[in-house]
Amino acid sequence: MSKAQTEQQLIIEGAGCASCVGKIEAALQNTPGVNSAEMNFADRTVLVSGTANSQDLVKAIESAGYNAKPFNDSSHTDSLDEKEAADWAYYKKLMRDTIIALSLGVPLMIYGIAIGEMTVATNTERLAWLIVGLLTLAVMFFSGKHFYIGAWKSFKNHSANMDTLIALGTGTAWVYSMLVVFIPDAIPLMARHVYFEATAMIIGLINLGLALELKARGKTSEAIKRLIGLQAKTATVVRDNKDVQINIDQVLLNDIIKVRPGEKIPVDGEVIEGHTSIDESMLTGEPMPVEKSEKDDVTAGTLNKSGMILFKATRVGKDTALAQIIAMVKRAQNSKPPIGRLADVISAYFVPVVMIISIVSALAWLNFGPEPTLAFAIVSATTVLIIACPCALGLATPMSVMVGVGKAAEAGVLIRNGEALQTASKITAMILDKTGTITEGSPKVTDVILANESDEKTILQLAASLESGSEHPLAQAIVESAMEQEIELLKIDAFNAITGYGVEATCNGKSLLFGNSKLMKMKEIELSDFTTKAQALAKEAKTPMYFAVDGQLAAIIAVADPMKSDSLCAIKRLQANGIRVIMLTGDNKETASAIAKKAQITEFFADVLPEDKANKVRELQQQGEIVGMTGDGINDAPALALADVGFAIGTGTDVAIESADITLMRGSLHGLADAIAVSKATLRNIKQNLFGAFIYNVAGIPVAAGILYPFFGLLLSPVIAGAAMAFSSLTVVTNANRLRLFKAQDH
């Protein structure tokens, strides 16, 4: 019997830069039982799917030179708290290391600026610089130890990363300086400079950059923290007629749970007693509370506003909608859009290339540079190594994805993966299913046109009483309309359904007829100018039905599946973005035309069979369109799966939601426009980050190598390179966090 496929999340320790990502993913993917592994460098976690156990995964990561521990999925809150505590401890350590390093580096740098240059000319200076060299070694051990350990691990695994560059750069500067102190005669007179301040300053500044980046990075996970914070910690369960408060993970299926006003719904369930209004905005983004009574569903994480209810638990633990939403958001935050994979590929080759450039730069200075060539060679090689660390490159994509996916979740938009996030920004054609997507999805009484002195309430009472035994959707709409108005239904006698025409019966001695014009004609009921009124209703996508009492026409009752109140506004938002909007429906052409006209959609297709929807998606793709498909029913699933991006209305069926790339938790099409807006903003942010990171390295390396020296006499100091490298990552993180301020258009 084969093992079940599972997803596991691991926390990675010791990953310093983007080049680490490829090594960790490769080590995991080469582990038996692993189907896929995606690392999120921004929050130092990796998501692994397959049958391999966690011990094997940890061993694989350790063999690549890093440390790992499983992320405890049994309690999202505990795991997040544990990670936050670890991050806070690491932040304090980095700040301590920064203070130690800068306490030596800053005075040395000020001294160097004051005297102009730090040379070794006398025995007294040699002794002083020897003491400074030993203090610098202590700084390297206490504040920079993690860089050297990481570099050694990488060396043992025949690879190189950020730690390698820092260790080589600072180590070269220190070793050269100590040679100047111990054997000055072996060094040309003009090259007898020490660079202890560079070593201390670089270690201090890079630690400071890492600390500030870590602090800023914490803000990117605020969305997932808020989602996790929605989970109730305890539940009040009714057992043996007593209220018992238990931990949320002890709630069992079919438990009866009591929720008082102001309390969170602890698990998913069905109301069995009571009436209340529930605030579901935290999951759907819909601000208005929703009324709940017997047989209505309630969702974990939502807030009970008014009445006390009892409900039966239908989904608990990882099966609740909230738990699945949290899992989906976390999975999406860990996934990479195609644009992010490019950065990973480049990073894999980046460090070795930088090391080669550093050596070539040093050789060029030694052979063609001015005196002291050796000093210039050391400075340029060290500066190239320090400035080129690809940290910013590794953070560019995952930081933006984490914030963007979280921002979308806050708006009630669940994005399944990074590829959907990127592709949604490029959509050129959007197919909308009509029923349940543009329209409400449930027929309602829209018009009651009276033909005599009878009042509307009496007509509705008789018609609803007549139709109460029918299961036809139109009949149900009339009954529901009467129930909403709290109209009491009457007893019906001699009920007779006439197939293709309508129904007849008697009620309190009155003869009732309800159906189409053919029924009225058969029973010789005079319709006069009401035929024209019925035709006008039909042109408005309504189904008119005639109601006669005692041989006289009493009213026309029209039923329709009304368009959602905000569909038109949302469709206009899509069209304003240059998206071609197309409506598909299985309804007849007249109804489709009326809805399309109301929604201001110029392209629509009526009488479409379920299998034809997928064909229409394929047809548009063949025309070169990037196609989005939005639907809510089982019949939409094939088209949702085939589309470049499938959007499922969250109020629809599970099949549709499972087939889609993006789920809209509320029934509004504004969620669709919001999803595309977030996608565009996120991709724009990723491109800004990648551009900044690439330009920084592409421009920084030649300057560090000394390309400007022949023209302007300018050569970067290793200290400036260290500061620039440290704060380049901080710039990327700060730019990604700007996404948290993004707001979709008001609607």
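Strand 8 (residues 268-273) and strand 11 run antiparallel and are joined by two bridges, where strands are DSSP runs of E with at least two residues, helices are runs of H or I with at least four residues, and both are numbered from the N terminus. Two strands are said to pair if DSSP finds at least two bridges between them. Within this pairing, Gly269 stands opposite Val298 in strand 11. The model is a predicted one, in which local features need pLDDT of at least 70 and side-chain atom pairs count only at pLDDT 80 or more, while totals for chains, interfaces and linings use all residues. Residues are numbered from 1 along each chain as its sequence is written, and side-chain values use heavy atoms, with hydrogens and water left out.

The pairing of strands 8 and 11 belongs to an open sheet of six strands, whose order is 6-5-7-13-8-11 and whose pairing is antiparallel. Strand 6 and strand 11 are the edge strands of this sheet, because each of them pairs on one side only.

Two loop residues other than glycine have a positive phi, and they are set out below with their relative accessible areas; exposed means over 50%, buried under 20% and partly exposed in between, with a 1.4 Å probe and protein chains only.

| Residue | Loop | Phi | Relative accessible area |
|---|---|---|---|
| Asn241 | between strand 5 (234-239) and strand 6 (242-247) | near 60° | 78%, exposed |
| Lys295 | between strand 10 (290-292) and strand 11 (297-298) | near 75° | 69%, exposed |

Another loop, between helix 11 (338-368) and helix 12 (373-387), holds Pro372. The peptide bond that joins Glu371 and Pro372 is cis, with omega at about -5°.

Asp433 is found in strand 15, which covers residues 429-433. Its relative accessibility is 5%, so Asp433 counts as buried. The side chain of Asp433 makes a polar contact with the side chain of Lys613 at 2.9 Å; such a contact is a pair of N or O atoms within 3.5 Å, of which, within protein, one must be able to donate a hydrogen and the other to accept it, and residues adjacent in sequence count only if both atoms are side-chain atoms. When residues up to four places away in sequence are not counted, Asp433 touches Ile438, Leu584, Lys613, Met629, Thr630, Gly631, Asp632 and Asp636, contact being defined as heavy atoms within 4.5 Å. Lys613 is thus named both among the residues that Asp433 touches and as the partner in its side-chain polar contact.
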